[in-house]
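Visitor: I would like a tour that explains its labels as it goes. Could you show me the structure and tell me how each term is earned?

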Amino acid sequence: MLKQRVITALVLLAVLLAAFALGRTAFDLLAAALIGAAAFEWLRLAGLADRLAAALAMVYAALLLILELSGRTPSGPVITLIVAGACAVWATLFVTLLQAELGGVRVGRTVSIALCFALLTAAWFALLYLYGRGIVALLSVLAVVWLADVSAYFAGRAFGKRKLAPSISPGKTWAGVYGAVLGVVAVAALAHWAWPSAPLFTNQLFATLNVALVVALLCMLVAVSIVGDLFESLMKRQAGLKDSGGLLPGHGGVLDRIDALLPVLPAAVLIQRWLT
């Protein structure tokens with residue numbers, strides 16, 4: 001399973017780097033395809049029939065792409081408002097997860113569909129904003145999530161005993177959380193020490209804020225990535241499914257792969273907007 005996950009991850013990384021090399025249009029097309037696939041899987045988890053979910057997802061992805069290619073993607077105060085709203089929604093979903101773990105909460109179909117389009121759209125706009133800040137800056141934000149995921153996986157396997165949210169996702173442990181935080185903070189500090197002038201998201205934090213606040217913000221980003229992961233796990237549990245799809249061998253569906261990114265992208269943009 002691990003070998004399959006690594007191979008799939010490397011292929012996805014190669015496709016992403018190829019899109020970067022080919023330019024903005026290629027990146028837009030790839031991002032729209034991934035968002036559309038994630039929307040399809042989310043709508044299926046919400047209970048829509050496959051054909052209806054596919055039709056809505058294709059129309060939705062096409063509309064996002066048209067907005068981008070026509071130059072109507074929001075910026076300035078509008079993008080700040082969008083990502084701030086998304087962060088507020090994710091904070092509310094954190095409370096929902098606590099309630100679900102303690103006593104059982106069911107997310108209704110209408111609410112799930114609304115969240116699908118609202119949160120995917122916010123992540124889409126945040127992704128495009130970060131791309132506009134530079135490929136290295138975008139990759140450094142994505143790397144926070146990837147590193148947290150990898151660190152949590154190995155720390156959980158090695159030391160995981162106490163479950164994080166057994167009613168929602170039995171496989172996640174507190175050791176995984178601590179491993180994710182340690183991995184992200186350590187690599188961010190090492191990168192800043194080795195390449196302080198590199199246009200990394202974490203370097204911007206170190207250059208602007210004191211160390212304690214940087215660590216706090218990185219811990220917050222790890223925390224929100226876990227919220228995204230757990231919320232998708234809650235939806236899958238409600239739907240009685242192990243994975244959101246089967247498109248990515250070893251990873252499940254596209255939504256399984258990007259669930260942690262969905263809250264982190266708007267949170268990272270909100271932090272950057274605050275710093276600038």
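Guide: Gladly, and please keep in mind that this is a predicted model. Let us begin at Trp 42, which touches Ser 112, Leu 115, Cys 116, Leu 119, Leu 120, Phe 231, Met 235, Leu 255 and Leu 262, leaving aside residues up to four places away in sequence.

Visitor: What makes these residues count as touching Trp 42?

Guide: A contact requires heavy atoms within 4.5 Å, and Ser 112 and Met 235 are among the residues that touch Trp 42.

Visitor: Why is Trp 42 called buried?

Guide: The relative accessible area of Trp 42 is 1%. Buried means under 20%, so Trp 42 qualifies with its 1%.

Visitor: What kind of aromatic pair do the rings of Phe 20 and Phe 27 form, and why?

Guide: The structure holds 8 aromatic pairs. In the pair of Phe 20 and Phe 27, the ring centres are 5.4 Å apart and the planes meet at 20°. Centres within 6.5 Å make a pair, and planes under 30 degrees apart count as stacked, so Phe 20 and Phe 27 are a stacked pair.

Visitor: How do you know whether Phe 20 and Phe 27 are buried or exposed?

Guide: Phe 20 has 8% relative accessibility, and Phe 27 has a relative accessible area of 3%. Both values fall under 20%, so both residues count as buried.

Visitor: What makes the pair of Trp 42 and Phe 231 tilted?

Guide: The two centres are 6.2 Å apart, with 55° between the planes. Stacked needs under 30 degrees and edge-to-face needs over 60, so 55° leaves the label tilted for Trp 42 and Phe 231. This pair links distant parts of the chain: Trp 42 sits in helix 2 (residues 24-45) and Phe 231 in helix 9 (residues 211-239), 189 residues apart. Phe 231 is buried too, with a relative accessible area of 1%.

Visitor: Which residues form an aromatic cluster with Phe 20?

Guide: Phe 27 and Tyr 131 join Phe 20 in one aromatic cluster.

Visitor: Which members of the largest nonpolar core touch the most other members?

Guide: That core has 84 residues, and Trp 42, Leu 120, Leu 205, Leu 221, Phe 231 and Leu 265 are the ones that touch the most other members. Helix 5 (residues 109-132) gives the most to this core, with 14 residues.

Visitor: What can you tell me about Ala 122 in helix 5?

Guide: Ala 122 lies in that helix and has 2% relative accessibility, which is under 20%, so Ala 122 counts as buried. Ala 122 touches Ile 82 and Ala 86, not counting residues up to four places away in sequence. Ala 122 and Ile 79 are 43 residues apart in sequence, with 8.6 Å from C-alpha to C-alpha.

Visitor: Why is Arg 51 called exposed?

Guide: Exposed means over 50% relative accessible area, and Arg 51 has 77%, so the label fits. Arg 51 is found in helix 3 (residues 50-69).

Visitor: Is Ser 233 buried or exposed, and what does Ser 233 touch?

Guide: Ser 233, in helix 9, has a relative accessible area of 9%, under the 20% limit, so it is buried. Ser 233 touches Ile 168, Ser 169 and Lys 172, again not counting residues up to four places away in sequence.

Visitor: How many disulfides does a search of the whole structure find?

Guide: The search finds 0 disulfides. For Cys 87, the nearest cysteine sulfur is that of Cys 219, 17 Å away. A disulfide needs sulfur atoms within 2.5 Å, so Cys 87 is in no disulfide. For Cys 116, the nearest cysteine sulfur belongs to Cys 87 and is 18 Å away, and Cys 116 is in no disulfide either.

Visitor: Why is Cys 87 called partly exposed?

Guide: Cys 87 has 21% relative accessibility. Buried requires under 20% and exposed over 50%, so Cys 87 falls in between. Cys 116, with a relative accessible area of 0%, is buried.

Visitor: How do you know how compact the protein is?

Guide: The protein has 11 helices and 2 strands. Its radius of gyration is 18 Å, close to the 19 Å that the globule rule gives for 276 residues, so the protein is as compact as a globular protein of that length.

Notes. Residues numbered from 1 in each chain as written. Predicted model: local features only at pLDDT ≥ 70, side-chain atom pairs only at ≥ 80, totals over all residues. Heavy atoms only, no water. Phe/Tyr/Trp six-rings, centres within 6.5 Å; stacked < 30°, edge-to-face > 60°. Buried < 20%, exposed > 50% of the residue type's maximum accessible area, 1.4 Å probe, protein only. Helix = DSSP H or I, 4+ residues; strand = E, 2+ residues; numbered from the N terminus. Core = buried A, V, L, I, M, F, W, Y, C linked by side-chain atoms within 4.5 Å. Rg over C-alpha atoms; globule rule 2.2 N^0.38 Å.
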